[in-house]
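Colleague: I'd like a close look at one part of this model, the pocket. Please walk me through it slowly, and then through the elements that go with it.

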Amino acid sequence: MHHDEVTDEELEELISEVTVDCYGDEERAGAFHAVLTDHTQFPVEATLLGIAVTVHEFDTGDSGLTARCTHGKAEQWLSLADLRFPPETPTAWVHAAYRYDLGLDPYPSAMPEGWTLDDI
């Protein structure tokens with residue numbers, strides 16, 4: 001089933017699936033880190049404030065998830081919440097749930113074609 005854009009209900013279901021056994025923010029961040037890492041083929045393209053960057057890995061930090069990004073020869077760890085991913089990728093779908101879980105508006109995304117919550 002293909003969706004034009006993920007709904008709040010779908011995001012809440014995805015968050016429940018990702019964080020089912022989590023207690024506290026640190027475990028939630030770890031769960032999102034694991035799912036994002038499992039469903040992202042690195043390197044992956046993303047944008048930060050409209051600037052194209054290449055994401056090489058995710059990590060957990062004191063203030064949430066981070067991403068090691070390059071732009072040209074520059075390399076920097078950035079807040080994962082600030083990045084945008086191509087909308088119909090698994091990364092964008094899980095990223096939307098991560099932003100929603102943080103209380104931020106999710107960036108446009110859709111459940112990838114042919115996916116269900118059982119794929120997490």
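Modeller: First, what I mean by the word: a pocket is an open set of grid points with protein on both sides within 12 Å along at least five of seven lines, and a lining residue has an atom within 4 Å of a point. Keep in mind that this is a predicted model.

With that in hand, the largest pocket comes out at about 270 Å³ in volume. Its lining counts 13 residues, and those nearest the centre are Asp25, Glu26, Arg28, Ala29 and Gly64. Sorted by class, you get 5 charged, 5 polar and 3 nonpolar residues in that lining. Three elements each give two or more residues to it, namely H2, H3 and strand S2 (51-61). The biggest giver is H2, with 5 residues.

Let's take the helices next. H2 runs over 24-38 and H3 over 90-101, and the buried residues of H1 pack against both of them. So who are those residues? In H1, residues 8-18, the buried ones are Glu10, Leu11, Leu14, Ile15 and Val18. Looking down the axis of H1, you'd see them fall within an arc of 135 degrees, so they line one face of the helix. That spacing fits a general rule: an α-helix has 3.6 residues a turn, so residues three or four places apart point the same way.

Now for S2, the strand in the pocket lining. S2 belongs to an open sheet of 5 strands, ordered S4-S3-S2-S1-S5 and paired antiparallel. At the edges stand S4 (74-79) and S5, each with a single partner strand, so one side of each has no neighbour in the sheet.

On one flank, S2 meets S3 (residues 64-71) through 7 bridges, running antiparallel. Threonine 60 sits opposite leucine 65 of S3 in that pairing. On the other flank, 5 bridges tie S2 to S1 (residues 44-48), again antiparallel. There, threonine 47 faces alanine 52 of S2. S1 and S2 make a hairpin with 2 residues between them, and in the turn leucine 49 has a positive phi of about 50 degrees.

One step further out, S1 also pairs with S5 (residues 83-84) over 2 bridges, in the antiparallel sense. If you want a marker for that pairing, look for leucine 48, which stands opposite leucine 83 in S5.

Key:
Residues numbered from 1 in each chain as written. Predicted model: local features only at pLDDT ≥ 70, side-chain atom pairs only at ≥ 80, totals over all residues. Heavy atoms only, no water. Buried < 20%, exposed > 50% of the residue type's maximum accessible area, 1.4 Å probe, protein only. Helix = DSSP H or I, 4+ residues; strand = E, 2+ residues; numbered from the N terminus. Arc of directions from axis to C-beta. Contact = heavy atoms within 4.5 Å. 1 Å grid on protein atoms, 1.4 Å probe; cavity = no way out; pocket = protein on both sides within 12 Å on 5 of 7 lines; lining within 4 Å. Points joined across faces, edges and corners; volume = space filled by probe spheres on them. Nonpolar A, V, L, I, M, F, W, Y, C, P; charged D, E, K, R; others polar. Pairing = 2+ DSSP bridges.
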